[in-house]
Amino acid sequence: MDEPRPIRRVVTGNDAQGRSCVLFDSAAPNVNPGAISRGTCMTDLWVYHGAPAVISGTRDDGNLPFHFEPPEAGGHLRVVQSSAKPAGYDPAKDPAFKPLGPVRLRPDGVWDRGGQNLFSSPIHKSATVDYGILLSGERTLLLDRGNVVMKAGDVVVQLGNWHGWTNLNSSSQMAFVMMGARFEHEPKV
């Protein structure tokens, strides 16, 4: 896995007199290398537990325990750093390799079909709306009916669908705003 790159996080708010100010300015503290899969680092920058979000006070809602999914009635901002496919990659030597298999519901509430390796996430879906912005590198979005190659500056909006991510050609850094949502009808697994 590539070394996690520190992400400068500047959080602003108001002081006791109501004047705007910087509350936090440092490397984001909630860094989670290998949280879901071995070639990926997830850094949570901010979490809100409900909408409308509380925007007063000086608490650090970017330094909370890691959960893959956002709060059901809230959301989070996360940056995902993913490694590229190594030269000479051999799946037999990859401890992160999990072939596609039957659908399972993980303890964190995410539906998962496997298909993960050192440079790819598992195929998964959840009850969320996800805004993904590719910051650097190239990343391929894997869908049931085709793949989408994304370049820096591209944006995806995901609506609770089956998907995965792979880094075939380069490492990448991608920001996600993930918000709790609900399916209108029970999802087909």
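## The smaller cavity

Let's start with a small list: Gly-39, Thr-40, Ser-82, Ser-83, Leu-118, Phe-119, Ser-120, Ser-121, Arg-139, Trp-165 and Asn-167 line the second largest cavity. On a 1 Å grid over the protein atoms alone, a cavity is a set of points where a 1.4 Å probe fits but cannot get out, and lining residues have an atom within 4 Å of a point. This one holds about 40 Å³ of space, where a volume is the space filled by probe spheres set on the points, joined across faces, edges and corners. Its lining splits into 3 nonpolar, 7 polar and 1 charged residue. Here Ala, Val, Leu, Ile, Met, Phe, Trp, Tyr, Cys and Pro count as nonpolar, Asp, Glu, Lys and Arg as charged, and the others, Gly among them, as polar.

A word on the model: it is predicted, with local features needing pLDDT of at least 70 and side-chain atom pairs pLDDT 80 or more, while totals for chains, interfaces and linings use all residues. Residues are numbered from 1 along each chain as its sequence is written, and side-chain values use heavy atoms, leaving out hydrogens and water.

## The largest cavity

The structure has 2 cavities of 30 Å³ or more, and the largest holds about 230 Å³. There are 21 residues in its lining, and Met-42, Phe-68, His-124, Trp-165 and Phe-176 sit closest to the centre.

Which strands help build this lining? β4 (40–48), β5 (75–82), β9 (128–143) and β13 (172–180) each give at least two residues; strands are DSSP runs (E, at least two residues), numbered from the N terminus. β9 has the largest share, with 3 residues. By class, the lining has 8 nonpolar, 8 polar and 5 charged residues.

## A hairpin with two faces

Now for β3, residues 30–33. Asn-30 and Asn-32 point to one face and are buried, while Val-31 and Pro-33 point to the other and are not. Buried means under 20% relative accessible area, exposed over 50%, and partly exposed in between (1.4 Å probe, protein chains only).

β3 pairs with β4 in the antiparallel sense over 4 bridges (pairing takes at least two DSSP bridges), and Val-31 stands opposite Thr-43 in β4. The two strands form a hairpin with 6 residues between them, and Gly-34 in the turn has a positive phi of about 70°.

## Cysteines

How many disulfides are there? The structure holds 0, a disulfide being a pair of cysteine sulfur atoms within 2.5 Å. Cys-41 has 2% relative accessibility, so it counts as buried, whereas Cys-21 counts as partly exposed because its value is 24%.

Terms used. 1 Å grid on protein atoms, 1.4 Å probe; cavity = no way out; pocket = protein on both sides within 12 Å on 5 of 7 lines; lining within 4 Å.
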